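Reader: Hello! I am new to this structure and would love a close look at one part of it, the largest pocket. Could you walk me through what lines the pocket and what lies around it?

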Amino acid sequence: MNRAWRWSAALLLASAGCRASRGANVADCVPVPPDTAYRYTDAEVPLPRHLLSSIAGTVVFSDNTPPDNRVTNAGAALGRILFYDVRLSANNQVACASCHRQQFGFGDTARFSRGLHGQHPRRRTLALANLRFNAYGQFFWDQRAPSLEAQILDVLQDSVEMGMNLDTLEARLAHTPYYPALFAAAFGSADVTRDGMARALAQFARSLISARSRFDAVFATGGAPDFSRLTPTEQQGYQLFVTSGCVNCHRAILQFADRANNIGLDLQPADTGAGHGRFRPASLRNVAVRPPYMHDGRFRTLRDVVRFYSTGVQESPDLDPRLRDDAGHPRRLNLTDTQVDQLVAFLETLTDTTFLHDPRFGNPFGCGR
């Protein structure tokens with residue numbers, strides 16, 4: 001049997017054994033393999049062709065996938081199971097998916113998500129879509145993780161988020177009936193290791209490509225953009241997005257920020273982020289489904305965000321130069337209410353409903369988790 005698909009058969013056997021021998025608790029909650037194993041590799045699920053075209057800008061040159069951890073079907077499938085498994089937390093109650101929820105673009109709508117023992121981190125949950133195209137390969141709001149794999153291990157051990165000792169976690173998963181077979185299918189060895197966990201979770205995260213929104217339909221043919229697919233209000237919003245300079249930070253067709261920057265939220269920020277009040281946000285994809293906004297969730301709606309950029313940028317000494325006018329002052333777009341509505345209408349076209357419901361990314365457990 002092809003190693004890439006052994007996980008499905010092994011999982012079926014392990015699932016049956018667990019259900020037959022255990023009571024109704026976390027140990028009894030097992031992943032349910034799909035009728036047909038899902039595909040995740042570029043060869044079998046190619047990137048939408050408009051992401052490979054010149055109109056996409058630098059997207060294809062921003063791929064942070066390391067050569068030794070390419071996305072495989074078995075690796076991403078293991079990552080999906082790990083992502084939804086509460087066994088990865090110290091109290092068996094918190095999974096990665098507890099905060100990164102598919103219906104919210106793998107972000108959250110709580111201002112601060114609930115972590116271990118109900119504790120709250122000091123920053124909002126970042127959405128995970130299109131992490132693969134983080135050109136600088138640095139993660140978290142403050143860019144402290146040098147890679148996606150390193151970010152995952154940080155979260156697992158964080159005392160507020162999942163609070164797990166990695167030695168304990170390796171032993172716990174090694175004694176979970178289905179995991180050794182899944183690790184063997186993904187990496188050729190049944191050994192359950194922290195490196196394998198990080199690699200599999202990173203593969204799953206890099207497979208979370210959101211590029212089938214109504215805005216993407218404008219470019220879907222690979223030829224000349226067809227803006228008639230958007231309403232006049234949405235088209236005007238897109239033009240404002242370009243002419244007002246939003247596109248200078250939220251770049252290319254996936255609207256990802258290039259690096260952490262100070263956007264003038266505060267004169268003297270209490271949270272200095274990556275230093276000097278700099279933060280790196282997620283891609284704007286699916287932004288409309290995951291309010292509130294900014295690293296501290298201070299803005300309740302997209303209209304609040306647009307109005308801030310219109311009139312609220314503060315004179316921070318570390319303000320990003322792209323948010324200054326020719327005289328060196330904070331830029332004032334002074335948008336009308338109609339223009340605010342147009343920009344919001346455009347941002348709403350970035351919602352990818354296919355991505356929000358794609359079963360390849362959904363909860364594999366059959367316990368109502």
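Author: Happy to help; here is a walk through the largest pocket, followed by one residue of its lining and one helix pair. Please keep in mind that this is a predicted model.

The largest pocket holds about 840 Å³ of space. Its lining is made up of 45 residues, and those that lie nearest the centre are H100, L126, F140, Q151 and V155. Helix 3 (96–99), helix 4 (148–157), helix 7 (194–206) and strand 2 (256–257) are the elements that each give two or more residues to this lining. Helix 4 provides the largest share, with five residues. Sorted by class, the lining contains 28 nonpolar residues, ten polar ones and seven charged ones.

Now let us pick out Q151, one of the residues nearest the pocket centre. Q151 belongs to helix 4. Its relative accessibility is 13%, so Q151 counts as buried, the cut-off being under 20%. Leaving aside residues up to four places away in sequence, Q151 touches F139, F140 and A145. Of these partners, F140 also appears among the residues nearest the pocket centre.

Helix 7, another contributor to the lining, has a helix partner too. The axes of helix 2 (residues 73–84) and helix 7 come within 7 Å and cross at roughly 95°, which means that helix 2 is roughly perpendicular to helix 7. On the helix 2 side, the contact involves G75, A76, L78, G79, R80, L82 and F83, while helix 7 brings in M197, A200, L201, Q203 and F204. By class, this contact has eight nonpolar, three polar and one charged residues.

Note on methods:
Residues numbered from 1 in each chain as written. Predicted model: local features only at pLDDT ≥ 70, side-chain atom pairs only at ≥ 80, totals over all residues. Heavy atoms only, no water. 1 Å grid on protein atoms, 1.4 Å probe; cavity = no way out; pocket = protein on both sides within 12 Å on 5 of 7 lines; lining within 4 Å. Points joined across faces, edges and corners; volume = space filled by probe spheres on them. Helix = DSSP H or I, 4+ residues; strand = E, 2+ residues; numbered from the N terminus. Nonpolar A, V, L, I, M, F, W, Y, C, P; charged D, E, K, R; others polar. Axes fitted to C-alpha atoms, helices over the stretch in contact; angles between N-to-C directions. Parallel < 35°, antiparallel > 145°, perpendicular 65-115°, else oblique. Contact = heavy atoms within 4.5 Å. Buried < 20%, exposed > 50% of the residue type's maximum accessible area, 1.4 Å probe, protein only.
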